[in-house]
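Hi,

Here is the structure I promised to pass on. Have a look at it first, and my notes on what turned up are underneath.

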Amino acid sequence: MVQAFAGYEEAVKADIEKNIVKKGYQELIGQVLVPSAKLKQFFDAAEAEDQQLFPGYLLIEAELVPEVHRLISTTPRVLRFLGGVEPVPLSKKEIERILSQIKGEIAVAAPKESEFSVGSEADIKEGPFAGFVGIVESIDQEAEKLTVMVSIFGRMTPVELSFDQVKR
C-alpha cells in the first residue's frame with residue numbers, strides 16, 4: 001500500500017503504470033488499484049456514488065525488489081509506503097476484504113448526515129439527562145456525537161451525547 005497526495009491517486013496510478021512499461025517491470029508489478037466503491041445511503045439505493053475507500057492510498061501488487069521500490073517511491077506525488085522504510089504487505093484477508101468492497105460484495109454505507117444544526121433545540125431522550133432540552137453547540141459527524149448546552153441548576157453545562165440519545 002502506497003500513500004500519495006490526496007486527489008492525485010489516479011494521476012499517480014497512471015505514472016506508475018507508464019513507468020512499469022518504460023522500465024520493463026511487468027513481471028515484477030501486477031495490478032495498481034485506487035480502491036473505490038459505490039457508496040449508497042440505506043434508503044436512497046438509487047443514488048449510489050463512486051467514492052474512494054482509502055483517500056490518498058493506492059494498492060500495488062508487486063515483488064518488492066530494490067528496483068521496484070525505487071521506481072514506486074520516486075514517482076511524483078508518492079509520499080511513502082505503508083510501513084515506512086520496510087514496507088509491510090497487507091494480509092490476504094485484508095486484500096480479500098478490500099477487493100470484495102470494490103466489487104460490491106460487501107455493502108459500504110456512506111456517512112449519514114445529521115438532522116441537527118448548531119443553535120437548534122434538542123430533546124434528550126436517553127441517559128442521565130433524559131427529559132432535558134438543550135441547545136446544540138457543536139456536531140461531530142465522524143463520531144456521530146453532539147455537544148448540547150443544558151441548563152442544570154441554573155447554569156448552562158455542555159453535555160456530550162450520541163446522535164441516538166437525542167431527538168430533534
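**What I found**

Let's start with one residue: Phe 5 is partly exposed, since its relative accessible area is 38%. Please keep in mind throughout that this is a predicted model. As for where to look, Phe 5 sits in the loop that runs between strand S1 (2–4) and helix H1 (9–23).

**The whole chain**

Now a step back for the overview. There are three helices and eleven strands in the protein. If you walk along from the N terminus, the elements come in the order β-α-β-β-β-β-α-β-α-β-β-β-β-β. The protein has 168 residues, and 31% of them are buried. Its accessible surface is about 11100 Å², with 53% of that belonging to carbon and sulfur atoms. On contacts: taking those with a separation of 6 or more, 52% are between residues 24 or more positions apart.

**The aromatic pairs**

Back to Phe 5. How many aromatic pairs are there in the count? The count comes to two aromatic pairs. One of them joins Phe 5 and Tyr 8: the ring centres are 6.4 Å apart and the planes stand at 70°, so this pair is edge-to-face. Tyr 8 is partly exposed, with a relative accessible area of 41%. Phe 129 and Phe 132 also make an edge-to-face aromatic pair, at 5.9 Å centre to centre and with 80° between the planes. Here, too, the residues are worth checking for exposure: Phe 129 is partly exposed at 23% relative accessible area, and Phe 132 is partly exposed at 32%.

Phe 5 and Tyr 8 turn up again on the surface. Together with Leu 79 they make a nonpolar patch of about 290 Å².

**The salt bridge**

The count of salt bridges comes to one. Its partners are the side chains of Arg 77 and Asp 15, which meet at 3.7 Å, N to O. Why does this pair tie together parts that are 62 residues apart in sequence? Arg 77 lies in the loop between helix H2 (66–73) and strand S6 (78–81), whereas Asp 15 belongs to helix H1, so the pair links parts of the chain that are 62 residues apart in sequence. Are the two partners buried or partly exposed? Arg 77 counts as partly exposed, at 31% relative accessibility, while Asp 15 counts as buried, at 17%.

**The five-stranded sheet**

There is also an open sheet to look at. Five strands form it, in the order S10-S9-S8-S7-S11, and their pairing is antiparallel. At the edges you will find strand S10 (155–162) and strand S11 (166–167), each of which pairs on one side only.

Strand S7 is a good place to enter the sheet. S7 (residues 121–124) pairs with strand S8 (residues 133–140) in the antiparallel sense, over three bridges. To find the register, look for Ala 122, whose bridge partner in S8 is Gly 134, and for Glu 121, which stands opposite Ile 135 in S8. S7 is also joined to S11, by two bridges, and these strands run antiparallel. In that pairing, Val 166 in S11 is the bridge partner of Ile 124.

Which side chains of S7 point to which face? They alternate: Ala 122 and Ile 124 point to one face and are buried, while Glu 121 and Asp 123 point to the other and are not buried.

Moving on to S9 and S10, these strands pair in the antiparallel sense over eight bridges. One spot to check is Met 149, which stands opposite Pro 158 in S10. S9 and S10 form a hairpin with two residues between them, and Phe 153 in the turn has a positive phi of about 55°.

Last, have a look at Lys 145, which lies in strand S9 (residues 145–152). Lys 145 is partly exposed, with a relative accessible area of 32%. Beyond its neighbours within four places in sequence, Lys 145 has contacts that include Ser 138, Ile 139 and Asp 140, as well as Glu 160 and Leu 161. Lys 145 and Gln 165 are 20 residues apart in sequence, and their C-alpha atoms are 9.3 Å apart in space.

Best wishes

Definitions and conventions:
Residues are numbered from 1 along each chain as its sequence is written. Side-chain values use heavy atoms; hydrogens and water are left out. Two strands pair if DSSP finds at least two bridges between them. Helices (H or I, at least four residues) and strands (E, at least two) are DSSP runs, numbered from the N terminus. Rings of Phe, Tyr and Trp (its six-membered ring) pair if their centres lie within 6.5 Å; planes under 30 degrees apart count as stacked, over 60 as edge-to-face and the rest as tilted. Buried means under 20% relative accessible area, exposed over 50%, partly exposed in between (1.4 Å probe, protein chains only). Patches are made of residues with over 30% relative accessible area and no salt bridge: like charges are joined within 9 Å, nonpolar side chains (Val, Leu, Ile, Met, Phe, Trp, Tyr) within 5 Å. Accessible areas come from the Shrake-Rupley method with a 1.4 Å probe; for residues, only the protein chains shown count as cover. A salt bridge is a side-chain nitrogen of Lys or Arg within 4 Å of a carboxyl oxygen of Asp or Glu. Contact means heavy atoms within 4.5 Å.
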